[in-house]
Amino acid sequence: MSFVSISFIIFTAAAAGVYFLCPAKYRWCVLLAASQIFYLLSSPRSYVFLLFTTAVTFAGGLFIQRQTDDCKAYVKEHKEELDRKQKKEIKAKYEKRKRGVLLLVLLADFGVLAFVKYFRVYINMLSETLHLDWLHFDAGILIPLGISFYTFQSVGYLIDIYREQYKADRNPAKFALFVSWFPQIIQGPISRYDQLAEQLYEPHSFQYERIKFGVQLMMWGWFKKLVIADRVGIFVDQVFSRYTEYTGFYAILGVIGYTIQIYGDFSGGMDIARGVSQIFGIDLTLNFKRPYFAASIPEFWRRWHITLGSWCRDYIFYPISLSKFFGKLGKNSRKFLGERIGKLIPVIFAQLITFFVIGIWHGAEFKYIAYGLYQAVFIIGGILFEPYIIRLTRLLRINTKAFSWRLFQICRTFLLVVIGRFFSRGVSFSAAVWMMRHSLDFNPGILFNGSVFTLGLTAQDFILLGFCLVFWIAVSVIQECGYSVRELISRQNAVFRWMIYLAGGFSIVIFGVYGMGYDAKSFIYRGF
């Protein structure tokens, strides 16, 4: 069931109706039923993977919580009899049990993810290379819907239980709701238990204002997805699928188009998910904050897919950079590389590993690993050369507070982001490199002789895209200035408000991409 289908709108409306008519104490049950039905309707063949991850993580959380509670109770009960050394030994014994279970559950959760998403791909590549047909896995085995998202969310919950940030959920049905909340299960955001769970479990009353804002956010998401992203995607697919035929400005238009498409597609999906959740009184974590206004690659990643970045920061980057091994490595490195670089060694290695994970999270192919490492190179380069860049700007007497400098930084960062999209969109790593090399072929005439209209879009389509992009940028600028567009609209007179609502609705219906060949389930991040 796609976010952009009529069936999804009917499903959401029916679920909301039942939810608000149901007695308050059972409303979370309605959300659980809706979430399970949604997943079964959307991906029945992969439902068992969702159940497995939910059950294993729930059981692991209970066991770890029990060890934590037993340890504290034992130490408290025998505090008069135990000296400091004995207390330390007892805590170490319980800690060993907790760590063992944590590793087992992580192995189970990530093992399933690795098998369906990575291991099978590599084994099939090996079988094709060595001509071993018996080693080949059935191509009909599909990647379970949203498996990366609910796996990362479940693992984050378990690690937080291990770190004693909060207590384990003792209700398996409620925990299942946290893992499977239907608006976010397709493509996120990756929520934290302490941010989302209580919102799901608490009953929320009917509030017209909140529902109105939720519907507006959904419409904004549909506009970005159907009118902009899917229209741009028509010529993007043409360029990247036949990349040897489309060089020079074709490749440049294709990769810029994909940069627009993936943002409209992914952020549009997030807006729909957040809008649906808002109807039920639930505020999902913001996953995008106008990333193309970022002035550096690190800032870009603080604005793009925010929940994935924060997950990797808390569960990968910090544990690695603050670990004893890398601390010792950094200390030893100071003897050979100097005080400053030696201190940065743990950070550099942690960044490399983090962005390797981010790359492979997107897919099993090497192009995704290259995409992650490409981002890491610029982030690490920025860390290493920061003092020299500051010195250079002072030497050239650049006013770093001026708007012109900020604009330069934004344009520079956007260019670097666009180049990186060759890796994430190219059909392969070698194809991405080929396109990058041949994008420098000089053929600007295609912009004026009508050749671009052979890519699947008419002149009217390009004009419409231009107007829509200008509108989108204008809204983003208003938001970047700290204003809420929805609140600004809500303060207008009723006639003007409804003119905007109707114009938005009609633009989606009239200008959205539908019809033959349109895949209603084709959100780019749906399969992750």
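Me: Which residues lie nearest the centre of the largest pocket?
Reply: Trp 220, Val 475, Gln 479, Val 485 and Arg 486. Keep in mind that this is a predicted model.

Me: How many residues line the largest pocket?
Reply: The lining has 38 residues.

Me: And how much space lies in the largest pocket?
Reply: About 1,100 Å³.

Me: Which elements give two or more residues to that pocket's lining?
Reply: They are helices H9 (208-241), H10 (249-279), H18 (459-480), H19 (485-490) and H20 (494-511).

Me: Where does the largest share come from?
Reply: From H18, with 9 residues.

Me: How do the residues of the pocket lining divide by type?
Reply: There are 24 nonpolar, 8 polar and 6 charged residues.

Me: Switching to cavities. How many of 30 Å³ or more does the structure hold?
Reply: Just 1 cavity of 30 Å³ or more.

Me: What volume does the largest cavity have?
Reply: About 30 Å³.

Me: What lines the largest cavity?
Reply: Several aromatic side chains, for a start: Phe 152, Tyr 157, Tyr 166, Phe 178, Tyr 193 and Trp 311 are among the lining residues. Gln 153, Gly 156, Asp 160, Ser 191 and Arg 192 line the cavity too.

Me: Which helix gives the most to that lining?
Reply: Helix H5, residues 147-162, with 5 residues.

Me: And the split into nonpolar, polar and charged for the cavity? What is it?
Reply: The cavity lining has 6 nonpolar, 3 polar and 2 charged residues. Asp 160 and Arg 192 are both in the lining.

Notes: Residues are numbered from 1 along each chain as its sequence is written. This is a predicted model: local features need pLDDT of at least 70, side-chain atom pairs count only at pLDDT 80 or more; totals for chains, interfaces and linings use all residues. Side-chain values use heavy atoms; hydrogens and water are left out. On a 1 Å grid over the protein atoms alone, a cavity is a set of points where a 1.4 Å probe fits but cannot get out, and a pocket is an open set with protein on both sides within 12 Å along at least five of seven lines; lining residues have an atom within 4 Å of a point. Grid points are joined across faces, edges and corners, and a volume is the space filled by probe spheres set on the points. Helices (H or I, at least four residues) and strands (E, at least two) are DSSP runs, numbered from the N terminus. Ala, Val, Leu, Ile, Met, Phe, Trp, Tyr, Cys and Pro count as nonpolar, Asp, Glu, Lys and Arg as charged, and the others, Gly among them, as polar.
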